[in-house]
There are 2 protein chains.
Amino acid sequence: MNALPTELLRQAEQLSSEVTRPIPGSHKIHVEGSRPDIRVPMREILLTKTPTLFGGEDNPPVTVYDCSGPYTDPAADIDLAVGLPALRAKWIEERGDTEQLSALSSEFGRAREHDPKLDIVRFPDRALPRRAKDGANVSQMHYARRGIITPEMEFVAIRENQRLDAVREAHLLKQHPGESFGASIQKFITPEFVRDEIARGRAILPNNINHPESEPMIIGRNFLTKINANIGNSAVSSGIAEEVEKLVWAIRWGGDTVMDLSTGKHIHETREWIIRNSPVPIGTVPIYQALEKVDGRAEELTWEIFRDTLIEQAEQGVDYFTIHAGVLLRHVPLTAKRVTGIVSRGGSIMAKWCLAHHKENFLYTHFEDICEIMKAYDVAFSLGDGLRPGCIADANDAAQFGELEALGELTQIAWKHDVQTMIEGPGHVPMQLIKENMDKQLRECGEAPFYTLGPLTTDIAPGYDHITSAIGAAMIGWFGTAMLCYVTPKEHLGLPNRQDVRDGIMAYKIAAHAADLAKGHPGAQVRDNALSKARFEFRWDDQFNLGLDPEKAKEFHDETLPKDAHKLAHFCSMCGPHFCSMKITQDVRDYAAEHGVDEAKALEEGMAEKSKEFLAQGAQVYRAE
Amino acid sequence: MNALPTELLRQAEQLSSEVTRPIPGSHKIHVEGSRPDIRVPMREILLTKTPTLFGGEDNPPVTVYDCSGPYTDPAADIDLAVGLPALRAKWIEERGDTEQLSALSSEFGRAREHDPKLDIVRFPDRALPRRAKDGANVSQMHYARRGIITPEMEFVAIRENQRLDAVREAHLLKQHPGESFGASIQKFITPEFVRDEIARGRAILPNNINHPESEPMIIGRNFLTKINANIGNSAVSSGIAEEVEKLVWAIRWGGDTVMDLSTGKHIHETREWIIRNSPVPIGTVPIYQALEKVDGRAEELTWEIFRDTLIEQAEQGVDYFTIHAGVLLRHVPLTAKRVTGIVSRGGSIMAKWCLAHHKENFLYTHFEDICEIMKAYDVAFSLGDGLRPGCIADANDAAQFGELEALGELTQIAWKHDVQTMIEGPGHVPMQLIKENMDKQLRECGEAPFYTLGPLTTDIAPGYDHITSAIGAAMIGWFGTAMLCYVTPKEHLGLPNRQDVRDGIMAYKIAAHAADLAKGHPGAQVRDNALSKARFEFRWDDQFNLGLDPEKAKEFHDETLPKDAHKLAHFCSMCGPHFCSMKITQDVRDYAAEHGVDEAKALEEGMAEKSKEFLAQGAQVYRAE
């Protein structure tokens with residue numbers, strides 16, 4: 001037992017109470033699967049009745065996807081210093097293909113474990129990790145290819161469906177036909193469909209056996225579009241408590257996965273705190289930590305150091321690794337004439353290593369060795385785009401596309417080992433060149449999920465790159481990208497704080513949802529329809545609560561009309577009480593309803609009569625109820 | 001002479017000093033045309049030298065389009081209570097087809113002018129307005145069709161070119177080919193091209209003869225994409241000084257036109273203050289004021305009241321009028337089954353009038369009378385989309401498209417009178433349905449400029465609709481929309497304050513620029529390239545200054561690295577001083593430059609040598625200069 005990190009525990013305790021508020025107007029529900037321990041979390045938004053003036057009907061609750069984990073569940077007992085419950089532990093044990101280790105396998109991990117100087121930052125207590133039994137492959141892809149539907153697969157099938165069958169009202173299900181560009185969008189997601197998508201590599205279910213706290217989720221173009229939030233401190237900023245806070249903050253607003261890109265001196269310990277408290281998959285870029293181990297001298301990196309880092313992180317429970325194995329020696333010269341050269345940190349580390357040694361990238365030459373590690377813990381590949389364009393001018397160039405082709409080859413190798421794989425993508429791309437990226441990725445990488453950063457559609461708005469990139473993200477999501485890596489307003493300028501994380505997440509939830517609507521995901525329009533109906537009927541609180549950020553919406557509304565009474569008022573805050581356009585339509589509808597005939601026909605026939613009636617009533621738009 | 005509005009003058013004076021700061025890192029320039037009084041304002045961003053490490057070259061200044069008027073010119077003498085200089089007055093007089101009136105033509109205008117109760121809010125002093133001489137048509141379209149190139153046309157030609165010829169460096173001109181979807185994008189804009197575009201109705205140059213303070217600008221799909229900012233108080237909010245401040249704030253950040261949507265009791269006086277101080281065209285929705293005149297009772301509206309309002313506003317100098325003449329009786333029933341019915345205020349006013357009287361919309365039946373007024377002052381039509389969809393569910397429906405077809409007919413009538421015309425568009429449209437809007441508008445309305453609100457690509461993000469709509473705006477701008485009407489974060493929730501105006505403008509400057517890049521406007525990429533080069537070379541201040549919002553960019557950067565020294569540091573604020581990816585490319589380039597051979601070839605050949613050199617130097621990425 002270690003000495004306790006007292007100050008950190010104090011911060012964690014304080015944080016625990018702050019980050020565990022439920023989201024307004026909604027509550028956590030769990031949908032049970034085929035066995036009682038498959039309990040899929042969702043968020044149910046309760047709606048008020050339609051005002052009598054507009055018909056007086058009940059409005060069914062709307063169920064939405066929920067990434068926030070137990071934090072928003074008042075029934076949950078949160079203690080960041082203990083971590084979340086290991087909901088998948090039993091499923092992993094039941095499969096009988098893993099064993100608990102008697103010691104950490106990583107040399108570095110063991111050294112950190114026994115260093116008394118780290119007592120003040122170390123996560124208090126944790127069981128020893130698990131690993132596949134000798135020769136076993138514990139990846140979800142491996143099970144899928146053998147026809148096994150795991151509890152994880154069933155979990156995501158239920159999760160993706162969002163209880164659509166519970167939405168009975170036809171108007172809520174009303175939806176425009178989508179344009180999916182050849183995706184295989186399902187009306188209803190079955191566990192078998194999930195299995196099949198994972199088996200053929202079109203989707204990944206990232207969940208390391210050492211991260212049993214995670215709630216299974218899936219990334220693939222035939223599922224809902226996901227978003228990732230990057231957090232992480234650097235040499236110049238932030239501590240452990242702050243990073244854990246950013247994690248919880250990110251998932252509260254809808255981050256589907258979180259990447260920990262820390263580069264400071266306690267990245268091992270920070271990561272442990274993050275994983276133990278994360279209900280979403282955690283990704284990392286292991287080369288960042290490997291570089292720390294050689295004091296920033298890229299040329300001193302070795303396969304052995306990198307290998308130990310992979311094992312260290314895999315045994316902590318990292319769910320996916322960004323590996324820049326596609327940055328090849330022959331690509332490096334292709335970047336010389338670029339406006340911004342190599343902008344990916346991982347890409348430039350490997351380019352530097354290649355230049356220093358005049359050797360092929362060791363991540364490429366050791367790729368099969370890496371696969372062996374990945375399948376022993378079920379870590380998924382996120383094949384990094386080290387040569388992604390860092391500006392509009394460099395988009396879609398030979399370096400970028402050369403690397404993408406290499407990633408296509410590596411995907412095939414990973415799949416030979418049944419290792420789950422997704423592909424990272426750009427970067428900075430003007431709108432007219434975005435589709436070419438998606439089409440090439442699908443072709444080169446056999447429909448492995450694409451995971452893109454933005455892309456940013458212009459370079460000229462530092463301070464607003466969540467917006468320059470949300471435009472590109474929405475488009476590439478529509479075209480088929482499975483997960484969108486957020487960009488915060490601080491991109492290019494500094495490290496995101498809590499508010500930047502929220503702004504980045506919101507921009508990307510918007511992009512992902514706009515993409516789902518455009519692709520025609522079944523039920524994607526339910527929330528839009530419910531919100532717009534609430535808006536039309538002046539159900540202000542329902543409008544706020546159905547939004548992505550109820551707190552912000554209410555705050556904005558209250559700036560103009562602060563009184564509570566105004567949230568029931570039948571006028572909107574833009575027009576004031578004098579005149580409101582929403583009311584007109586109701587007059588049109590009322591007439592049709594009263595006369596019990598087809599609405600449109602009634603209106604044409606009854607126009608003259610309506611006219612008299614209007615004038616007789618004093619033609620007031622605003623009438624007391 | 002009226003009594004002076006003392007309190008307002010005090011506010012105006014205070015405001016005058018606050019809103020007249022130049023934009024950091026740049027200065028106002030004027031490019032002279034064929035006569036000395038054609039002085040086209042632009043903003044020149046001065047750049048520092050490239051650091052020696054990266055080559056040490058000079059970086060030419062970058063000239064950008066500038067909407068901010070004299071406010072950002074330290075040489076200008078600003079007094080909001082006097083108004084801006086009438087730079088077009090001479091051009092208008094010279095044409096000899098207008099005359100100064102001896103009294104206001106509008107009854108309402110005359111009553112306001114002599115009401116002593118209004119002394120405290122009235123703009124202090126103003127010359128009487130002008131009107132076309134009997135039978136004359138003073139629209140730019142009329143001149144254009146007779147082959148006349150006006151000074152206004154020459155002004156916009158110079159303005160659109162943005163001194164591109166001054167950008168000599170090839171890398172700055174480097175640009176991806178665009179996809180313009182059939183637009184007629186020019187390498188260089190000539191005054192004759194401007195004339196021709198206006199003559200055929202593909203562009204409008206909104207500049208009322210009574211707004212001689214305006215700097216001419218053009219709206220058309222073959223020119224740079226423009227944005228509009230809406231301001232305006234309502235019955236529940238804000239005063240005159242605040243609206244003038246929003247105007248100046250909006251153009252500071254890049255609003256190309258401003259619509260004054262005020263509905264309060266001093267809208268006439270507010271408008272006068274705004275127009276006298278606006279260097280950009282001002283648009284209004286006259287029906288809002290007409291409705292005020294009948295105390296909000298739409299059914300009491302008459303052609304006579306509306307006509308007097310048009311004249312009142314035309315004589316103040318409003319440059320374009322939104323006229324909802326396409327909301328026809330037969331369209332009203334088509335809205336009954338919508339989720340959100342009629343959401344446009346103007347549309348619902350006219351629908352209500354039609355219902356109340358069971359008569360055809362008087363704006364439609366009097367359309368030629370309206371044309372007579374428009375051409376006497378050169379007010380442009382912005383044919384309103386009163387039946388635009390207010391939610392995703394209602395997008396592209398029969399009501400919306402029925403109205404669009406009617407607007408196509410009205411465009412032909414307006415053109416018969418040589419009245420400049422643009423067409424308003426939606427609204428809320430999911431991504432997969434956006435292009436259909438643009439294609440139909442081009443077809444139905446003979447390529448008259450399209451002017452869209454967003455569109456919002458999802459309904460679920462109240463508080464973030466600047467982002468939901470920037471996505472749609474960028475796309476529809478790419479497809480051919482000439483002007484994008486901004487949406488602020490407060491949309492659907494409340495009235496925008498100054499900060500919301502800034503956020504809305506920024507989102508739309510991004511969308512418009514992303515559209516210009518995608519269409520392939522010549523020179524559109526110059527600013528992106530210059531900014532990215534500055535970013536690569538760690539010229540932090542240049543990066544900020546080239547951005548759309550230098551102040552915000554600097555503020556964000558300083559949060560992470562507050563020291564001034566860091567703005568010269570050769571590392572970025574994300575990675576810290578330990579390691580930086582940008583430096584790697586420079587190593588690659590240095591090698592090639594030193595060896596005096598083709599860079600890529602040198603790298604392939606010299607890889608082994610480079611490797612030795614790297615190690616000999618201690619392979620430090622970060623080297624003191």
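Here is a short chat about helix packing and burial in this predicted model.

User: Before we start, how are things numbered and filtered?
Analyst: Residues are numbered from 1 along each chain as its sequence is written, with chains lettered from A in the order in which they are written. The model is predicted, so local features need pLDDT of at least 70 and side-chain atom pairs count only at pLDDT 80 or more, while totals for chains, interfaces and linings use all residues; side-chain values use heavy atoms, without hydrogens or water.

User: What makes H17(A) roughly perpendicular to H17(B)?
Analyst: Their axes (lines fitted to C-alpha atoms over the stretch in contact, with angles from 0 to 180 degrees between N-to-C directions) cross at roughly 70° and come within 9 Å. Roughly perpendicular covers 65 to 115 degrees, so H17(A) and H17(B) earn that label.

User: Which residues of H17(A) make the contact?
Analyst: Contact means heavy atoms within 4.5 Å, and on H17(A) that gives A:His466, A:Ile467, A:Ala470, A:Ile471, A:Ala474, A:Met475 and A:Trp478. By class, the contact of H17(A) with H17(B) has twelve nonpolar, two polar and no charged residues.

User: Which residues in H7 of chain A are called buried?
Analyst: Buried means under 20% relative accessible area with a 1.4 Å probe, protein chains only. In H7(A), residues 191-199, the buried ones are A:Phe193, A:Val194, A:Arg195, A:Glu197, A:Ile198 and A:Ala199. Their cover includes helix H4 (140-145), helix H5 (151-161) and strand S6 (203-204) of chain A.

User: What does A:Met431 touch in chain B?
Analyst: Not counting residues up to four places away in sequence, A:Met431 touches residues including B:Ala474, B:Met475 and B:Trp478.

Methods: Helix = DSSP H or I, 4+ residues; strand = E, 2+ residues; numbered from the N terminus. Parallel < 35°, antiparallel > 145°, perpendicular 65-115°, else oblique. Nonpolar A, V, L, I, M, F, W, Y, C, P; charged D, E, K, R; others polar. Buried < 20%, exposed > 50% of the residue type's maximum accessible area, 1.4 Å probe, protein only.
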